[in-house]
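Please look over the sequence and the model shown here. The report that follows goes through the fold part by part.

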Amino acid sequence: MSAGVLRLDGEHILRPVRIGDGAALSRAYLSNREHLAPWEPTRDESFFTIDSQERHAQECVTDAASGRSIRFVIESDDGEIRGRMNINNIVRGAFWSADLGYWVDAARQHRGLATRAVSQILEYSRTELRLHRMQAATLLHNIGSQRVLLGNGFERIGLAPKYLRIAGEWQDHVLFQRLLEEPLSARRERP
């Protein structure tokens with residue numbers, strides 16, 4: 001399954017990860033290492049290398065071709081990667097759902113970039129992938145991400161104790177869903 005380039009604003013695009021992205025992904029993860037550490041699994045040194053990120057890019061291309069997941073980068077006009085948007089665990093059958101994961105460069109936060117990118121991902125998931133539902137999970141204290149999700153019509157659906165191993169510990173997460181066949185909900189819940 002292929003995806004095209006989506007314009008987010010005058011400076012950023014959203015595009016699928018491609019072979020050859022290893023060096024730019026390595027730079028993005030290295031420059032955001034401290035920023036991402038509280039929100040992601042513990043990473044060993046090899047994760048940040050160009051070789052490791054190039055292998056990851058190849059996996060992304062393979063997974064997209066098989067329809068298992070589609071992973072995107074937020075790229076600025078200078079060609080640098082400024083964030084990620086991932087449609088993971090695409091399931092068809094009776095489910096027609098996927099999981100959303102994302103991050104934005106520390107220096108690009110509070111500009112609406114994540115909100116616009118999530119909106120584009122939802123539209124792509126609805127129209128191109130024909131998904132019924134998108135799920136996302138945030139750490140309990142990740143209020144910024146919760147606001148992005150709620151602002152894009154997600155609703156809280158529960159609490160998952162010890163859901164993911166983040167920053168070296170099994171941590172509770174708030175679960176959200178967005179039904180893609182429905183219009184945006186007028187009810188917006190504040191975190």
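Is D63 buried or exposed? D63 is buried, because its relative accessible area is 14%, under the 20% cut-off. The model behind this value is predicted.

## The D63 salt bridge

D63 does not stand alone. Its partner in a salt bridge is R68. The closest N and O atoms of the pair are 2.6 Å apart. R68 is partly exposed, with a relative accessible area of 44%. The bridge thus joins a buried residue, D63, to a partly exposed one, R68.

## The sheet

Eight strands form an open sheet with mixed pairing. Their order is β1-β2-β3-β4-β5-β6-β8-β7. Two strands sit at the edges: β1 (6-7) and β7 (155-166). Each of these pairs on one side only. Strands of a sheet pair through backbone hydrogen bonds, either parallel or antiparallel.

At the β1 edge, β1 and β2 (residues 12-16) run antiparallel. Two bridges join them. R7 stands opposite I13 in β2.

At the other edge, G158 is found in β7. G158 counts as partly exposed, at 31% relative accessibility. Beyond its neighbours within four places in sequence, G158 is in contact with H173, V174 and L175. G158 and V174 are 16 residues apart in sequence, yet their C-alpha atoms are 6.0 Å apart in space.

## Two helices across the sheet

Helix α4 spans residues 113-127. It lies across β1, β2, β3 (70-76), β4 (81-91), β5 (97-104), β6 (133-139) and β8 (169-179). Against β4, α4 runs at about 30°.

Helix α5 covers residues 143-151. It lies across β5, β6, β7 and β8. Against β6, α5 runs at about 160°. The buried residues in α5 are S145, Q146, V148, L149 and L150. They pack against β5, α4, β6, β7 and β8. After α5 comes G153, with a positive phi near 85°.

## Nonpolar cores

The largest nonpolar core holds 31 residues. Which of its members touch the most others? They are F72, I87, M134 and F154. At least two residues of this core come from each of β3, β4, β5, α4, β6, α5 and β8. Helix α4 gives the most, with seven residues.

F154 shows how these parts meet. Leaving aside neighbours within four places in sequence, F154 is in contact with L100, V118, L122, M134, Q135, A136, L149, F176, Q177 and R178. Another core, of 13 residues, lies apart from the largest one. Its members include A28, F47, F48 and W103.

## A buried arginine in β2

R15 sits in strand β2. What is the relative accessible area of R15? It is 2%, so R15 is buried. R15 has charged partners: R15, D21 and E75 are linked in a network of salt bridges. The side chains of R15 and D21 are also joined by a polar contact of 2.8 Å.

The wider surroundings of R15 take in several more residues. Not counting residues up to four places away in sequence, R15 touches G4, V5, D21, R71, F72, V73 and E75. One of these, F72, is also among the residues that touch the most other members of the largest nonpolar core.

## Other salt bridges

How many salt bridges does a search of the whole structure find? The search finds twelve. One of them joins R82 and D78, with the closest N and O atoms 2.8 Å apart. R82 is buried, with a relative accessible area of 15%.

Another links the side chains of R126 and E123, at 3.4 Å from N to O. Both residues lie in helix α4. They are three residues apart, about one turn of the helix. R126 counts as partly exposed, at 25% relative accessibility. E123 counts as partly exposed too, at 37%.

Note on methods
Residues numbered from 1 in each chain as written. Predicted model: local features only at pLDDT ≥ 70, side-chain atom pairs only at ≥ 80, totals over all residues. Heavy atoms only, no water. Pairing = 2+ DSSP bridges. Helix = DSSP H or I, 4+ residues; strand = E, 2+ residues; numbered from the N terminus. Contact = heavy atoms within 4.5 Å. Axes fitted to C-alpha atoms, helices over the stretch in contact; angles between N-to-C directions. Core = buried A, V, L, I, M, F, W, Y, C linked by side-chain atoms within 4.5 Å. Buried < 20%, exposed > 50% of the residue type's maximum accessible area, 1.4 Å probe, protein only. Polar contact = N/O pair within 3.5 Å; in protein donor to acceptor, adjacent residues only side chain to side chain. Salt bridge = Lys/Arg side-chain N within 4 Å of Asp/Glu carboxyl O.
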